[in-house]
Amino acid sequence: MYGMVNKAVEDMVCRNYGAPTWKRIKEQAGVDTEVFLSNEPYADEVTYRLVAAASELLGTPAANILEAFGEHWVLHTAQEGYGPLMRAAGRSLPEFLLNLPNFHSRVAMIFPQLQPPRFECTDITSRSLKLHYFTHRQGLESFVVGLVRGLGKMFGTPVTVDLAAARVSGADHDVFAIAWEQPTP
Ligand code: HEM
């Protein structure tokens, strides 16, 4: 994954726990990269090792770390670094979700070696939809939950996200049942 992902993990940990904790997490993960370069691809393994080490050192399940990371990604990394791209993708939570299947093709213009996930929306009503998530990577479903919760916060829209079908339980791919309320002013 591009270095911006590892940088975002670093940013989240440093904001919430401080730089010395990040240093310990890197040591524990056996990652000796001093500075992650945003535009450089790194082995996925590096990100997985950092998340596993953070989970161990902070005594928090990896799923919770990934969920917090999803929120952080939307509310800080994406909004602060890619504001125009985020704004172009929708003016409300449902609009943004319906545009999600095309979202990373625009990201791939900036990061040509991107290996993005694929999304599909089905069962669309005015208050809910099913989001289908396809990826060759394992274990990132909690990241998606956090991303969607982050989008809900970004739009001031209360949202619930439930894993309706899970690859770990034998489903072909993960499916999230997402429901939202009117935005709170
Ligand atoms: C400006 C905003 C965004 C940027 C720049 C961005 C960029 C990226 C990058 C660089 C990766 C790592 C993949 C790689 O390097 O090959 C990634 C992965 C991912 N992105 Fe985005 N992304 C953005 C927003 C979103 C949003 C809003 C969602 C969904 C709600 C999302 C869902 C994911 C997921 C689930 C992955 C994990 C990879 C996988 O599942 O295989 N991203 N994205």
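# Exercises on rings, charges and the nonpolar core

F111 is a buried residue, with a relative accessible area of 2%; buried means under 20% relative accessible area, exposed over 50%, and partly exposed in between (1.4 Å probe, protein chains only). The structure is a predicted model, in which local features need pLDDT of at least 70 and side-chain atom pairs count only at pLDDT 80 or more, whereas totals for chains, interfaces and linings use all residues. Residues are numbered from 1 along each chain as its sequence is written, and side-chain values use heavy atoms, with hydrogens and water left out.

## Exercise 1: Aromatic pairs

Determine how many aromatic pairs the structure holds, and describe the pair of Y82 and F111.

*Solution.*

Step 1. Rings of Phe, Tyr and Trp (its six-membered ring) pair if their centres lie within 6.5 Å; planes under 30 degrees apart count as stacked, over 60 as edge-to-face and the rest as tilted. This rule gives 10 aromatic pairs.

Step 2. For Y82 and F111, the ring centres are 6.4 Å apart and the planes stand at 55°, so the pair is tilted.

Step 3. Y82 belongs to the loop between helix 4 (62-81) and helix 5 (83-88), and F111 to the loop between helix 6 (93-110) and strand 1 (118-122), so the pair ties together parts that are 29 residues apart in sequence. Helices (H or I, at least four residues) and strands (E, at least two) are DSSP runs, numbered from the N terminus.

Step 4. Y82 is partly exposed, at a relative accessible area of 24%.

Step 5. F96 and F103 form another tilted aromatic pair, 5.6 Å centre to centre with 35° between the planes. Both F96 and F103 are buried.

Step 6. Y82 and F111 also belong, together with Y2, to one aromatic cluster.

## Exercise 2: Salt bridges

State how many salt bridges a search of the whole structure finds, and locate the partners K23 and E27 as well as R137 and D44.

*Solution.*

Step 1. Side chains of opposite charge can pair when their charged atoms come close. A salt bridge is a side-chain nitrogen of Lys or Arg within 4 Å of a carboxyl oxygen of Asp or Glu. The search finds seven of them.

Step 2. K23 and E27 form a salt bridge at 3.7 Å, N to O. These two residues lie in helix 2 (residues 19-29), four residues apart, which is about one turn of the helix. K23 is exposed at 54% relative accessible area, and E27 is exposed at 56%.

Step 3. R137 and D44 are joined by a salt bridge of 2.6 Å, N to O. R137 lies in the loop between strand 2 (128-134) and helix 7 (141-154) and D44 in helix 3 (residues 44-58), so this pair ties together parts that are 93 residues apart in sequence. R137 is buried, at 10% relative accessibility, whereas D44 is partly exposed, at 21%.

Step 4. A network of salt bridges links D11, R15 and E80.

## Exercise 3: Two partners of R118

Identify the residue that meets R118 in a salt bridge and the ring over whose face R118 lies.

*Solution.*

Step 1. The side chain of E120 meets that of R118 in a salt bridge of 3.0 Å, N to O. E120 is partly exposed at 35% relative accessibility, and R118 is partly exposed at 44%.

Step 2. A charge sits over a ring if NZ of Lys or CZ of Arg is within 6 Å of the ring centre and within 35 degrees of the ring normal. R118 lies over the face of F134, 4.2 Å from the ring centre.

## Exercise 4: Domains and core

Name the domains of the protein chain and explain where the largest nonpolar core lies.

*Solution.*

Step 1. The chain is divided into domain 1 (3-60) and domain 2 (91-180), with bounds that come from an automatic or database domain assignment. Their C-alpha centres lie 24 Å apart.

Step 2. Contact means heavy atoms within 4.5 Å. Six residues of domain 1 are in contact with six residues of domain 2.

Step 3. A nonpolar core is a set of buried Ala, Val, Leu, Ile, Met, Phe, Trp, Tyr and Cys residues joined through side-chain atoms within 4.5 Å. The largest has 53 residues, and L131 and I178 have the most contacts inside it. Domain 1 and domain 2 both give residues to this core, so it lies between them.

Step 4. Setting aside residues up to four places away in sequence, I178 touches several residues, including L97, L131, V148 and V161.
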